[in-house]
Amino acid sequence: MALVTTKEMFKKAYEGGYAIGAFNINDMEIIQGIVNGAKAKNSPVILQCSTGALKYAGAKYLKAMVDAAIEETGLDIALHLDHGPNIEAVKEVIDAGFTSVMFDGSHYEYEENVRLTKEVVDYAHARGVVVEAELGVLAGVEDDVVADSHIYTDPEQAVDFVNRTGVDSLAIAIGTSHGAVKFPPDAKPELKFDILEEIQRKLPGFPIVLHGASAVDPQTVATCNEFGGNIANAKGIPVEMLRKASSMAVCKINMDTDIRLAMTAAIRKTFGEKPEVFDPRNYLGAARTEIQKLVESKIDTILGSENGMN
Ligand SMILES: [Zn+2]
């Protein structure tokens, strides 16, 4: 049991044809729900914080709770910065004890993305921390990250980028997107597996990351809306597509929206069914239980990382 980087996790996942779940954390119940699910499946897990989460809860609180989770569960856990916007943010979390960082320079012009990513890699590697970068643009909205449409990753450019920056993993754009509305209501969900295959062929053994890969369970959305919510046009990535990606070069799958939806549905349902409740442990406890169930089901149906701790 330890706070680890993703290096060993990704190596085993790549060779084993499975992926590691990366879940965003904002508070104690979310952390406990995720690690209890991973513990039940004896699976490694990545806990990640956006800059929004760091603003909300503070790096010190989040790190201390993750340390407690490792001690309580005995799991190997990587603590990762999600969408680091600049080197200052990266330095801050490395000082706080994070083991993995993402630098997202995907909105910069290509040469600038290479230059800034390389700077982050040099800084992080000197301190034993691994780096994820991004190439291509995902549509959707996630905290401070907003984009109107996809720019799919160019496989040739991915090879050049990885060789020149020395990054440890790469987030690519093949049709996943941030948020709960990933496809128009009438559109058929599609991921560009030909791009993933080509990148895998050109960069054998190199770990690929999918962001914005929540499945957006219609039943969970329906529960939110049944109990006073108003979530329109929600549509996620089909489970079988994510499972296929897990069996390929994809070693890390980010699924934040599903955690948010599960938590909101559980809290709304508790309020709707038991209007007399005002003990936060009641509704936050229900949320924690639902998050645990969600993580266990992700490990079973998408990730395939059960017993990955062995
Ligand atoms: Zn993302």
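**Reading a zinc site and two backbone angles**

Mentor: The protein donors of the zinc ion are His83 (NE2), His178 (NE2) and His211 (ND1), at 2.0 to 2.1 Å from the ion. Please keep in mind that this is a predicted model.

Trainee: How are the donor residues of the zinc ion spaced in sequence?

Mentor: The spacing is written H-x94-H-x32-H. Two of these donors, His178 and His211, are 33 residues apart and link distant parts of the chain. His178 belongs to strand S10 (residues 177–178), while His211 is in the loop between strand S11 (208–210) and helix H9 (218–226).

Trainee: Is His178 buried or exposed?

Mentor: A residue is called buried when its relative accessible area is under 20%. His178 has a relative accessibility of 4%, so it counts as buried. His211 is likewise buried, with a relative accessible area of 1%.

Trainee: Let us turn to the backbone. What is the phi of Val216?

Mentor: Phi of Val216 is near 50°, which is a positive value in a residue other than glycine. Val216 is found in the loop between S11 and H9, and its relative accessible area of 4% makes it buried.

Trainee: Where is Asn307 found, and what is its phi?

Mentor: Asn307 is found in the segment after helix H12 (280–303). Its phi is near 60°, again a positive value in a residue other than glycine.

Trainee: Which accessibility class does Asn307 have?

Mentor: Asn307 is partly exposed, because its relative accessible area is 40%, and this class lies between the limits of 20% and 50%.

Notes: Residues numbered from 1 in each chain as written. Predicted model: local features only at pLDDT ≥ 70, side-chain atom pairs only at ≥ 80, totals over all residues. Heavy atoms only, no water. Donors = N, O, S within 2.8 Å, 3.2 Å for Na, K, Ca; no water. Helix = DSSP H or I, 4+ residues; strand = E, 2+ residues; numbered from the N terminus. Buried < 20%, exposed > 50% of the residue type's maximum accessible area, 1.4 Å probe, protein only.
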